[in-house]
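I am opening a notebook on a structure that is new to me. The entries below record what I looked up, in the order I did it.

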Amino acid sequence: MGGTDVTDGWDWRQPGGTPASAGPPAGATPVGPPTAPHGASGGTTSPWWSDALADPWRDPYAPAAVVIPGAPDAGAAPEPVSDPDAPGRPRLRQLLLVPLITALLAGSLGGALGYAFAVRGGAGGGVALGARPAEAPGLAQRRPESLAGVAEKVLPSVVTVRVASLGGVSEGSGFIVSADGHVITNDHVVSGGTGRASVVFNDGSTAPATVVGQDPESDIAVIKVSRTGLRPVEFGDSDALAVGDPVLAIGSPLSLANTVTAGIVSALDRTMQAGEPGGPVRYYAAIQTDAAVNHGNSGGPLVDSAGRVIGVNSTIKSLVAEGQEAGNIGLAFAIPINQAKRITQDIIGTGKARRTVIGAQVGGSGAGTATGGAGVRLAAVEPSGPAAGAGLKAGDVILKLNGRPMTEPTDLIALVRKFAPGSVVTVEYRRGSSRQNTSVTLAADAK
């Protein structure tokens, strides 16, 4: 059998059988070298060659076929390969850090939301109190023309006045009227003093002061502060006031410095006769206001809605018995600033104030008749005085002065002193049963 060719079993013979077909099995693909090894005869190239005979475990009786696998599918996904550089399992510290950070962030967010809800709706169990916030009203915005704006403008010019006396220290209010330190206050604040005074400014600083002059009958005094560069007040026109105009009273009531109270003008030309027992009698046609004024407000400014001084707070009405401490009941009175300014200029210029007179003495109220009301009767007329020059005589009853009705003698005295010397006023009077009118040029007292 040495010269017999052997194949891979495509032509093997069963014992006692006939040779199989010489062709390869169906579907088999020929592989192998072009020539048959192991001394195959003729050197014929066989595409079906295989060294199956060299396989010691081959069953010589089993059929065999060589199957070549097809080309791999280009669209198949590659088998996943793990990255050797990828991190391994997280450590314990990392496992604890993640929930800790999450908890902190959640807590911060919860706190912020809770605070926002508490601010918006209140902390009362989530119940929202009040209406939705609206734009602040004009008065709450503190505009210059608001009450707060007026107070802010005037307060730096208001001072507390302290005057040493034999009985202690008298305290009141005042306001700066010139940059070089002149201050207006009431005469009754400085009367009885030793001449030594001091003022306390709005910022709490103090400075010594001296009394320049005073007019007991008008209750106006002027002191001088030893300081320059001060901020004076702005003056208004007290003759232009109307009942109902808003006003502010500023001062140091009961030693409470920088106190501001508000009210209105309750009445005009309210004639006042005031004074302490044994002291001078003061007459003036006052501005009445319901702004709260108490002891210590004396000498402080009464200002209008533009922050201009229109009066000097002076007296109050009270229901207490004599000797008791009086308090505000809504009836306060201020000296008109036109009168106070004129007297201040006289005091600064000459050391004393001029007093305006009509040149007649009043004797009492006029008797009512069928032709007229009460009025004020003239007891005597000075021969060369203003009244005589206008044709008035003793016994005439003054009914009106510049349209203001006269009912008491104090009315005529107070209203005359309201005007400056040289002013011309209209007088309506009754002589007998007839009414007449005349013009009187007021004059300054000769004293």
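My entries go from the whole chain to its cores and then to single residues.

**Entry 1: the chain as a whole**

I note at the start that this is a predicted model. I looked up the secondary structure and found 6 helices and 20 strands in the protein chain. I then checked burial: of the 447 residues, 33% are buried. The exposed area of the protein chain comes to about 25400 Å², and carbon and sulfur atoms supply 57% of that area. For contacts I took residues at least 6 apart in sequence, and 57% of those contacts join residues at least 24 apart.

**Entry 2: the nonpolar cores**

I remind myself that in soluble globular proteins nonpolar side chains tend to be buried together. I looked for the largest nonpolar core and found one of 25 residues, in which Phe175, Val303 and Val312 have the most contacts. Several elements each supply at least two residues of this core, among them helix H2 (147-154), strand E6 (220-225), strand E11 (309-316) and helix H4 (337-350). H4 gives the most to this core, namely 4 residues. I also found a second, separate core of 18 residues, including Val376, Leu412, Val425 and Val440.

**Entry 3: Asn186**

I went to Asn186, which sits in the loop between strand E3 (182-185) and helix H3 (187-190). Is Asn186 buried or exposed? Its relative accessibility is 0%, so Asn186 counts as buried. I looked for a partner of its side chain and found the backbone oxygen of Asp219, reached at 3.0 Å. Leaving aside neighbours within four places in sequence, I list the contacts of Asn186 as Asp219, Ala221, Ser298, Gly299, Val312, Asn313, Ser314 and Ile335. I had already written down Val312 as one of the residues with the most contacts inside the largest core.

**Entry 4: Thr438**

Next I looked up Thr438, in strand E19 (residues 434-441). Thr438 counts as buried because its relative accessibility is 13%, and the cut-off for buried is under 20%. Which backbone oxygen does the side chain of Thr438 reach? The backbone oxygen is that of Ala390, at 2.8 Å. Apart from neighbours within four places in sequence, Thr438 is in contact with Ala390, Leu392, Val425, Thr426, Val427 and Tyr429. Val425 was already in my notes as part of the second core.

**Entry 5: Arg431**

I then turned to Arg431, which lies in strand E18 (residues 424-431). Arg431 has a relative accessibility of 27% and therefore counts as partly exposed. Its side chain and that of Asp396 are joined by a polar contact of 2.8 Å. Neighbours within four places in sequence aside, the contacts of Arg431 are Gly391, Leu392, Lys393, Asp396 and Gln436. I checked Leu392 further: 39 residues separate Leu392 and Arg431 along the chain, and their C-alpha atoms are 9.2 Å apart. Leu392 is also on my contact list for Thr438.

**Entry 6: a patch on the surface**

Last, I looked at the surface. Leu97, Leu100, Ile101, Leu104 and Leu105 form a nonpolar patch there, and together they have about 490 Å² of accessible area. I picked Leu100 from this patch and placed it in helix H1 (residues 92-121). Leu100 counts as partly exposed because its relative accessibility is 48%, and a residue counts as exposed at over 50%.

How values were computed. Residues are numbered from 1 along each chain as its sequence is written. This is a predicted model: local features need pLDDT of at least 70, side-chain atom pairs count only at pLDDT 80 or more; totals for chains, interfaces and linings use all residues. Side-chain values use heavy atoms; hydrogens and water are left out. Buried means under 20% relative accessible area, exposed over 50%, partly exposed in between (1.4 Å probe, protein chains only). A polar contact is a pair of N or O atoms within 3.5 Å; within protein, one must be able to donate a hydrogen and the other to accept it, and residues adjacent in sequence count only if both atoms are side-chain atoms. Contact means heavy atoms within 4.5 Å. Patches are made of residues with over 30% relative accessible area and no salt bridge: like charges are joined within 9 Å, nonpolar side chains (Val, Leu, Ile, Met, Phe, Trp, Tyr) within 5 Å. Accessible areas come from the Shrake-Rupley method with a 1.4 Å probe; for residues, only the protein chains shown count as cover. A salt bridge is a side-chain nitrogen of Lys or Arg within 4 Å of a carboxyl oxygen of Asp or Glu. A nonpolar core is a set of buried Ala, Val, Leu, Ile, Met, Phe, Trp, Tyr and Cys residues joined through side-chain atoms within 4.5 Å.
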